[in-house]
Structures are given as structure tokens and as C-alpha cells.
Amino acid sequence: MRAEQTKYTAIVGTDVKLVCNGEDVVKNRHTSLSWVFNETEIKNTSDHYRVTVDFYEPDSTPRVITQLSVINVRYADSGKYDCRIVNLYGRTVKRDTIGLEVKAEGRKPFILISALAPSKYPTILRILSRS
């Protein structure tokens, strides 16, 4: 397996798609593909993750492409993702690792002013009321 990119950056609340490709991978009952996040296997049964796997043979070499979509990214999604090919005995045959960094969207700083003492902050209140 080989990751298309080894590092991704996503903004909180967006979706991100991680992609791995493999060569000489035959679709059969002895081979499975999995995604692992910080050493925990991802199940394709949540609203937060979506896994797709496509096998194809463009030039008589069996290949596979697998994608992990992380829906509505959160800070907790930052970390290490592995795409793995696992054999019949549960051993990882091939794998690659992808790092995901989750950041906040570039927002303006937020200032909280007490409503109990507006006379102490008249200039700031005028600036904020124009925004």
C-alpha cells in the first residue's frame, strides 16, 4: 500500500478524504483492507467515517484503491491513520501511514466585554458595534 499523500491538513467541520493505492492486490476471500486510527481499526458503520475499496486491473496488474472519508472533522481526528492489507491469518502484509492535522478556521479574535460596566470600555464597544 502507498498513501497518495503522507500528510493532510483539514479545517474543523469540513470533510477530508485519505487515499491509498496498492499493486499486486487480488480481490479474494483471503485478503482484506482496513483503516486504522491511532492503532484502533475503523469500522465502516459510523456517520463519521466512510470507507470505499475498488479493485481493478488496468494493465494485467491487479490494483486497489481505498479511500477513508472523515466526515465533519473534529480536533480529536488529528493523528496517525494506517491503510493496511491484511491476510487470512490477520497479519498486516502491506501498509502505509498518513498523518492528519486538524486546525481551526482562520477567525478573528474574540473579545468578551462585561455588559455590567460598558462605561469603562466605550472605545471597544464602538468598534465592536461597527463589525
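The chain has one helix and nine strands. Keep in mind that this is a predicted model. Reading from the N terminus, the elements go β-β-β-β-β-β-β-β-β-α, so the strands come before the helix in this chain. Here's a tour of the strands, the charged pairs, the aromatic pair and one tyrosine.

**The chain as a whole**

- Of the 131 residues in the chain, buried ones make up 30%.
- The accessible surface of the chain is about 9200 Å², and carbon and sulfur atoms account for 51% of that surface.
- Take the contacts between residues at least 6 apart in sequence: 60% of them join residues at least 24 apart.

**The five-stranded sheet**

- Five strands make up an open sheet, and their order across it is E2-E9-E8-E4-E5.
- The pairing in this sheet is mixed.
- At the edges sit strand E2 (7–11) and E5, each of them pairing on one side only.
- E2 runs parallel to E9, and five bridges join the two.
- To find your way along that pairing, look for Tyr-8, which stands opposite Leu-100 in E9.

**E3 and its partners**

- Strand E3 (residues 16–23) pairs with strand E1 (residues 2–3) in the antiparallel sense, over two bridges.
- Arg-2 is a handy marker here, as it stands opposite Asn-21 in E3.
- E3 also runs antiparallel to strand E7 (residues 63–70), and eight bridges join these two.
- On this side, Lys-17 stands opposite Ser-69 in E7.

**Salt bridges**

- Side chains of opposite charge can pair when their charged atoms come close.
- Searching the whole structure turns up seven salt bridges.
- One of them is between Glu-39 and Lys-80, with the closest N and O atoms 3.1 Å apart.
- That pair links distant parts of the chain: Glu-39 is in the loop between strand E4 (32–37) and strand E5 (40–41), while Lys-80 is in strand E8 (residues 79–86), 41 residues apart.
- Glu-39 is exposed, because its relative accessible area is 52% and the cut-off for exposed is over 50%.
- Lys-80, at 33%, is partly exposed.
- Arg-95 and Asp-82 also meet through their side chains in a salt bridge (3.4 Å, N to O).
- Here too, distant parts of the chain are linked: Arg-95 is in strand E9 (residues 92–103) and Asp-82 is in strand E8, 13 residues apart.
- The two ends of this bridge have their own settings: Arg-95 is partly exposed, with a relative accessible area of 45%, whereas Asp-82 is buried, with a value of 1%.
- A network of salt bridges links Glu-39, Lys-80, Asp-82, Arg-84 and Arg-95.
- Elsewhere, the side chains of Asp-59 and Arg-63 form a salt bridge (3.3 Å, N to O).
- Asp-59 counts as partly exposed at 43% relative accessibility, whereas Arg-63 has a relative accessible area of 18% and is buried.
- Arg-63 makes it into the buried group because its 18% falls under the 20% cut-off.

**The aromatic pair**

- The structure holds one aromatic pair.
- The pair consists of Phe-37 and Tyr-81, whose ring centres are 4.5 Å apart and whose planes are at 25°.
- That angle is why the pair counts as stacked, since planes under 30 degrees apart get that label.
- Phe-37 lies in strand E4 and Tyr-81 in strand E8, so the pair ties together parts of the chain 44 residues apart in sequence.
- Phe-37 is buried, at 15% relative accessibility, and Tyr-81 is buried as well, at 0%.

**A look at Tyr-56**

- Tyr-56 lies in strand E6 (residues 49–56).
- With 37% relative accessibility, Tyr-56 counts as partly exposed.
- If you set aside its neighbours within four places in sequence, Tyr-56 is in contact with Thr-61, Pro-62, Arg-63, Val-64 and Ile-65.
- One of those contacts, Arg-63, is the residue that forms the salt bridge with Asp-59.
- Tyr-56 and Val-25 are 31 residues apart in sequence, and their C-alpha atoms are 9.3 Å apart in space.

Conventions. Residues are numbered from 1 along each chain as its sequence is written. This is a predicted model: local features need pLDDT of at least 70, side-chain atom pairs count only at pLDDT 80 or more; totals for chains, interfaces and linings use all residues. Side-chain values use heavy atoms; hydrogens and water are left out. Two strands pair if DSSP finds at least two bridges between them. Helices (H or I, at least four residues) and strands (E, at least two) are DSSP runs, numbered from the N terminus. A salt bridge is a side-chain nitrogen of Lys or Arg within 4 Å of a carboxyl oxygen of Asp or Glu. Buried means under 20% relative accessible area, exposed over 50%, partly exposed in between (1.4 Å probe, protein chains only). Contact means heavy atoms within 4.5 Å. Rings of Phe, Tyr and Trp (its six-membered ring) pair if their centres lie within 6.5 Å; planes under 30 degrees apart count as stacked, over 60 as edge-to-face and the rest as tilted. Accessible areas come from the Shrake-Rupley method with a 1.4 Å probe; for residues, only the protein chains shown count as cover.
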